[in-house]
Amino acid sequence: MSIIKNIQGSLQNFTRYRIEKYILSGFGVFIFLSIVIVGFVEVQRNLLPYKIILTAGKKTGESYILSSAIARVARQNSNIKIDVCETDGTGDNIKSLRGERLTTKSTCLSGVSTKYLKAHLGTAQADIYPGSDARVLTNLYQDHFHLLVNPQKVPLPQQIENFQIGTLRSKTVETPQGGGQRKSFENIANKHYKINFNFIDSNPEKADAVFRVRVLGNEQIRKLIATGWRLVPIGQVNAIQQTKYPAYSPSTIPEGVYRGSPAAPEVDLETIAVQRTLLSRRDVPDWVVEKIVTILSEYRQEIKKEIQAIAQERYGSPQIFDPETIYPLVNRFERPEDNSNVQIHKGALIYYDRNDPSFIQENADFLGLLLTIVLLVGSWLLRIKVWRDRRIECEANEKVDRYIENVVQLMKLNAKNQAIYSTVVEITRSLEDLFGRQEKLNQEFQRASHSLDIEEISQSGFRVFSEAYKSARETIEQAVEERQRKVVSSYVNQLKELLNRLDSGEKPDLLLIELDQIRNEAADTLLQERIFSRQSFRTFVDAYNFIRDAIERSCKGLK
């Protein structure tokens, strides 16, 4: 039970006297590690290159051209290195964000060509759900649904705006397989109009109709119209939006947007508009996304210059795409709606909400009052701590003084201890007193050590006590050795007295009897080892043997 009580006492003392020390040490380590981590993060964010992959559809598409220009501006103005990769469209872009196998092989600017690609970013139509792990960064621009028919294969009404999609029942429609365009056409044709079509890929000559999701003025659409294809309207847009696909919005293809004379289209045609968005994986770091959104919003002129440079570098002259048709798209980068079916990435929100008043700004008065109260309370607590530390220091010093005073008292030898003793009994009593002082001195040392262990006294105070302890111990040990020598001297003197009596003519037989009595008394004293040491006893034995030999020789001489 005593052991358990000692353990419990030690634990209580540890809690009482050491917890503050460990808290301060832990806080210091926390501050150091925080500085190291913050420094590493800042180096990573601003100095070390951070490579990401962006899948952007076909090379001739607007999203790929924009992505290439954005990648160049990001490389020039940040440590973000974007590798733009060509894919078959929205479907493959979303698959790349998930790390799934692509429909067609993807080729990147870095030279990588593979069907297995784990992208960080990807462009996509807003009507194609990318999954719960995707996050949206920005709306890039609006795409429009373009439905073109071959007038030689599909009968057209006199008024083109009266065209009905039902005319295409069982017809062949060409649209890319891997992108989101086919999915978009299925949304309106199969799910709304309940019409089935035969789909083919990348061969408009064999098709009755062509469906594309492109920006107004797209060069590919312009070329199809130049070869005789006719744009037709897509009706019932409000019904489609309000009942099935809220990502769609009603729009029109303006008269003459693809050709001025003769106008193409010849009248405004009803159609559907959908946002082209820039998506990312959820695990892309916030600071990376924030930098990319910053570039999209604040480096628009630089992006336009890179679009012109791309056109000149690839084609010598803007014959594949007209940069003038891409420039307006840069001005349409905007924040996505918060109620969209894809969450906005936290890094993008950091940028978009940068000018909104923070919680601190909105509650400045209350927080100021709270801070004042905290500072006052903290000041009081600090004063209490200083007072408590001083009190503990004073108590520790007082305790050290008491230990030293006790040691000094034990070191002082009173008149009784310092007297000259004539008998062994008197010397023995003096030794017992000295041994008692040694025991008390050791107890004082143990108490001081325990006080140091539980931090009731300081290291410097314990050192002062140790010096006093050593002096007292040496003084008492010297007194003990002196008394032990007197014990030996007393017995040796008794032996000498026998030798003197032998010389005086006393009978040796009687002297031998007294000699044995002195020996037995000395042996009994030896049992009290602290009073009569073994070394002292050997000195006595040597004297005893010498005297005994002298008496025995005297006895033999008498015979």
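What follows is a walk through the fold, its helices, its aromatic contacts and its backbone oddities.

The model is predicted, so to speak of local features a pLDDT of at least 70 is needed, side-chain atom pairs count only at pLDDT 80 or more, and totals for chains, interfaces and linings use all residues. Residues are numbered from 1 along each chain as its sequence is written, and side-chain values use heavy atoms, with hydrogens and water left out.

Starting with the overall picture, the protein chain holds 18 helices and twelve strands; these are DSSP runs numbered from the N terminus, with helices being H or I of at least four residues and strands being E of at least two. Of its 559 residues, 41% count as buried, where buried means under 20% relative accessible area, exposed means over 50% and partly exposed lies in between (1.4 Å probe, protein chains only). The chain exposes about 31100 Å², and carbon and sulfur atoms supply 53% of that area. Accessible areas come from the Shrake-Rupley method with a 1.4 Å probe, and for residues only the protein chains shown count as cover. Among contacts (heavy atoms within 4.5 Å) with a separation of 6 or more, 74% are between residues 24 or more positions apart.

Two helices show how the burial plays out. Helix H5 (residues 181-189) is largely enclosed by the rest of the structure, because seven of its nine residues are buried. Those residues are Gln 181, Arg 182, Ser 184, Phe 185, Asn 187, Ile 188 and Ala 189. In helix H4 (residues 90-98), the buried set is Thr 90, Asp 92, Asn 93, Ile 94, Ser 96 and Leu 97. These H4 residues pack against E1, strand E3 (101-108), strand E5 (121-125) and E12. Just after H4 comes Gly 99, with a positive phi of about 80°.

On the outside, there is a nonpolar surface patch of about 830 Å², made by Leu 369, Ile 373, Leu 376, Val 377, Trp 380, Leu 381, Ile 384 and Trp 387. Patches are built from residues with over 30% relative accessible area and no salt bridge, joining like charges within 9 Å and nonpolar side chains (Val, Leu, Ile, Met, Phe, Trp, Tyr) within 5 Å; a salt bridge here is a side-chain nitrogen of Lys or Arg within 4 Å of a carboxyl oxygen of Asp or Glu. One patch member, Ile 373, is found in helix H13 (residues 364-411), and at 42% relative accessibility Ile 373 counts as partly exposed. An α-helix has 3.6 residues a turn, so residues three or four places apart point the same way.

Aromatic side chains come next. The structure holds 13 aromatic pairs. The pair formed by Tyr 50 and Trp 287 is edge-to-face, because the ring centres are 5.3 Å apart and the planes stand at 75°. Tyr 50 lies in strand E1 (residues 50-55) and Trp 287 in helix H8 (residues 286-298), so the pair ties together parts that are 237 residues apart in sequence. For pairing, rings of Phe, Tyr and Trp (its six-membered ring) need centres within 6.5 Å; planes under 30 degrees apart are stacked, over 60 edge-to-face and the rest tilted. Trp 287 is buried, with a relative accessible area of 8%. Elsewhere, one aromatic cluster is formed by Phe 145, Phe 185, Phe 197, Phe 199, Phe 211, Tyr 245 and Tyr 248; of these, Phe 185 also appears among the buried residues of H5. A charge gets in on the act too: the charged end of Arg 354 sits over the ring of Tyr 351, 3.8 Å from its centre. The criterion is NZ of Lys or CZ of Arg within 6 Å of the ring centre and within 35 degrees of the ring normal.

The loops have their own quirks. Most residues other than glycine have a negative phi, and most peptide bonds are trans. Ser 170, not a glycine, has a positive phi of about 65°; Ser 170 is found in the loop between strand E6 (134-149) and strand E7 (172-174) and is exposed at 55% relative accessible area. Gln 236 likewise takes a positive phi, of about 60°, and is partly exposed at 42%. The peptide bond from Ser 261 to Pro 262 is cis, with omega near -10°, and another cis bond joins Ala 264 and Pro 265, with omega about -5°. Pro 265 lies in the loop between E11 and E12.
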